[in-house]
Amino acid sequence: LEDATDATTGKFVAGETITGATSKATATILVDDLGNTTKPRLFITSQQKFETGETITGGTSGSTGTVVR
């Protein structure tokens, strides 16, 4: 799961569950590396078929992002 920093609000928290708005897929955040300017991304547990273009929301932080790949 990768994400563009301009499409993200807030900061995801390691250990929190993210949920896809369209697919309702869920995963757990392992590492939030969205501050990496070269290749911002989130590392998550097994991919649960998130859809490209959908918004993901953190269950603890309330942060949001758009799945781009």
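Where does E54 lie? E54 sits in the loop between strand 3 (41-44) and strand 4 (55-58), where strands are DSSP runs of E with at least two residues, numbered from the N terminus.

This is a predicted model, in which local features need pLDDT of at least 70, side-chain atom pairs count only at pLDDT 80 or more, and totals for chains, interfaces and linings use all residues. Residues are numbered from 1 along each chain as its sequence is written, and side-chain values use heavy atoms, with hydrogens and water left out.

**The whole protein**

Let's start with the overall picture. The protein has zero helices and five strands, which run β-β-β-β-β from the N terminus on. Of its 69 residues, 32% count as buried, meaning under 20% relative accessible area with a 1.4 Å probe, protein chains only.

The largest nonpolar core has ten residues: F12, I18, A25, A27, I29, L42, I44, F50, I56 and V67. Such a core is a set of buried Ala, Val, Leu, Ile, Met, Phe, Trp, Tyr and Cys residues joined through side-chain atoms within 4.5 Å. Strand 2 (26-33) and strand 3 are the elements that give two or more residues to this core.

**A closer look at E54**

Back to our loop residue. E54 is buried, with a relative accessible area of 3%. Its contacts (heavy atoms within 4.5 Å) include G20, A21, G65 and V67, not counting residues up to four places away in sequence. V67 also belongs to the largest nonpolar core.

E54 has no salt bridge, a term for a side-chain nitrogen of Lys or Arg within 4 Å of a carboxyl oxygen of Asp or Glu. The nearest side chain of opposite charge is K24; here Lys and Arg count as positive and Asp and Glu as negative, while His and the chain ends are not counted.

Here are some distances from E54:

| Partner | What is compared | Distance |
|---|---|---|
| T22 | E54 side chain to T22 backbone nitrogen | 2.8 Å |
| S23 | polar contact between the side chains of E54 and S23 | 2.8 Å |
| K24 | E54 to the K24 side chain | 7.4 Å |
| T66 | C-alpha atoms of E54 and T66 | 5.6 Å |

A polar contact is a pair of N or O atoms within 3.5 Å; within protein, one must be able to donate a hydrogen and the other to accept it, and residues adjacent in sequence count only if both atoms are side-chain atoms.

Key. Helices (H or I, at least four residues) and strands (E, at least two) are DSSP runs, numbered from the N terminus. Buried means under 20% relative accessible area, exposed over 50%, partly exposed in between (1.4 Å probe, protein chains only).
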